[in-house]
Amino acid sequence: MGKLTYVKSASQLLCMDTGHGPRTGKGMSMLGIIADGSVVIEDGIIVFAGSDALAAQFLGTRRGEVEVIDASGKVVAPGLVDPHTHVVYAGSRENELELRLQGEKYTDILQRGGGILNTARSTREASEEELIRQALTRLDRFLLHGVTTIEAKSGYGLTVKDELKQLRAARELDRRHPIDVVPTFMGAHAVPEEYRSHPESYVNLVIEEMLPAVAERGLAEYCDVFCEQGVFDIAESGRILEAAERLGFKLKIHADEIAKNFGGAELAAKLEAVSAEHLLKTSEEGIRALAKSGTIAVLLPGTALFLMERAADARSMIDGGVAVALSTDCNPGSSPTVSMPFIMNAACLTMRMTPAEVLVASTINAAHAIGRGNEIGSIETGKRGDLVLFDVSNYRQLQYYYGMNLVHTVIKNGRTVVKGGVLVDRNEPAD
């Protein structure tokens with residue numbers, strides 16, 4: 001018998017254990033609540049989830065050291081999953097907030113060499129170890145906000161060498177930090193300044209050199225493209241994603257963030273991408289296409305808020321049968337936050353999602369958006385022991401008390417890494 005972690009007597013245990021695959025429609029309101037619930041984790045894997053009375057009987061059949069965590073008066077949920085981040089980068093862009101407040105548009109700043117291109121310059125200049133050092137600090141903050149798994153995109157290198165550097169940094173973060181890091185290649189994040197006069201050459205570079213180099217080294221599971229007016233058009237995005245699929249990458253796509261009726265959601269559906277992300281300007285036709293294809297909509301309400309744009313139409317997507325997930329979009333320009341709890345608040349207040357829906361969107365649906373739905377995202381026997389204890393008595397209070405970090409305890413693979421709102425164990429492996 002291995003070490004046992006016994007989380008006992010939760011006011012509400014949110015199991016998220018009904019059904020298979022990502023949740024849609026009314027399924028996004030089903031939390032699988034157990035009052036006075038308990039969880040037992042053995043060697044990092046959940047071996048029991050149910051009432052505390054039954055947990056006591058279950059533990060009577062086990063032997064070995066038991067760590068007891070009292071969850072009385074608290075809500076216990078699966079570890080939060082953030083399926084869209086740009087966590088590996090250098091530099092800062094706080095000046096661009098002031099420019100936008102003065103009326104400048106995100107795309108105008110990008111066209112002048114700011115935005116993504118600004119961050120690309122800083123990221124190219126930074127060493128791999130410096131990128132790791134900065135990102136470790138961000139991951140610590142994610143952990144303090146209840147996040148136990150994230151996706152990490154490249155896309156701030158925009159050269160073969162620097163894209164590989166970002167992805168190697170992501171791999172090292174996964175090794176060093178308790179948070180699991182799922183890597184995505186996004187060399188098609190912007191056309192770098194040196195290719196501005198001949199962008200088609202950059203598309204060719206992504207297809208002919210970057211993608212094969214990433215695939216050969218096994219540095220990414222997914223390929224993403226910023227399919228948008230002024231960045232990569234539908235034809236270019238399709239070429240890149242089809243080339244990626246031939247090399248074995250699973251597909252994601254930044255879609256319909258800025259221009260109306262651009263067709264990014266339809267492209268994602270056509271290619272049966274795992275997820276389409278942003279979707280602020282997605283048409284009714286795009287929503288229907290996503291529902292039919294099963295492509296998950298990863299919505300980023302913090303980005304819309306920070307860019308002072310209208311949020312995505314989550315209600316139409318959920319009512320139309322689209323599986324919706326939520327994410328911070330952690331990045332230095334359009335969403336410099338690590339707070340999934342705040343994103344959940346924003347989803348309620350700006351997209352009219354219910355408290356139950358945002359929990360599903362931040363756990364089981366987010367897990368499916370990065371191909372981890374069979375391992376994490378719900379509290380079920382056989383899944384990883386990733387849990388968050390929130391200092392509230394019922395799940396609705398998580399959205400009622402907005403703008404606060406109510407995370408009390410975080411358990412990753414059965415190990416307590418945050419306790420009383422304080423990071424207690426990063427436990428980096430020895431070199």
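At 33% relative accessibility, Tyr401 counts as partly exposed, a class that lies between buried (under 20% relative accessible area) and exposed (over 50%), with a 1.4 Å probe and protein chains only. Its neighbour in a ring pair, Tyr400, is exposed at 61%. The model is predicted, so local features were required to have pLDDT of at least 70 and side-chain atom pairs pLDDT 80 or more, whereas totals for chains, interfaces and linings use all residues. Residues are numbered from 1 along each chain as its sequence is written, and side-chain values use heavy atoms, with hydrogens and water left out.

The structure holds five aromatic pairs; rings of Phe, Tyr and Trp (its six-membered ring) pair if their centres lie within 6.5 Å, and planes under 30 degrees apart count as stacked, over 60 as edge-to-face and the rest as tilted. Tyr89 and Tyr156 form an edge-to-face pair, with 6.3 Å centre to centre and 75° between the planes. Tyr89 lies in the loop between β6 (80-82) and α2 (94-101), and Tyr156 in the loop between β7 (147-153) and α6 (160-176), so the pair ties together parts that are 67 residues apart in sequence. Helices (H or I, at least four residues) and strands (E, at least two) are DSSP runs, numbered from the N terminus. Both rings belong to buried residues, Tyr89 at 8% relative accessibility and Tyr156 at 1%. For Tyr400 and Tyr401, the ring centres are 4.8 Å apart and the planes at 65°, so this pair is edge-to-face. Ring pairs also link Tyr195, Tyr202 and Phe232 into a cluster.

Two rings carry a charge over the face (NZ of Lys or CZ of Arg within 6 Å of the ring centre and within 35 degrees of the ring normal). The charged end of Arg138 is placed 3.6 Å from the ring centre of Tyr89, and Lys252 lies 4.9 Å from that of Tyr222.

The largest nonpolar core (buried Ala, Val, Leu, Ile, Met, Phe, Trp, Tyr and Cys residues joined through side-chain atoms within 4.5 Å) has 116 residues, and those with the most contacts inside it are Ile240, Leu299, Leu326 and Met353. Helix α7 (residues 199-217) gives the largest share of this core, nine residues. At least three core residues come from each of domain 1 (4-78 + 376-423) and domain 2 (81-370), with bounds taken from an automatic or database domain assignment. A second, separate core of 14 residues includes Ala10, Leu13, Leu389 and Ile411.
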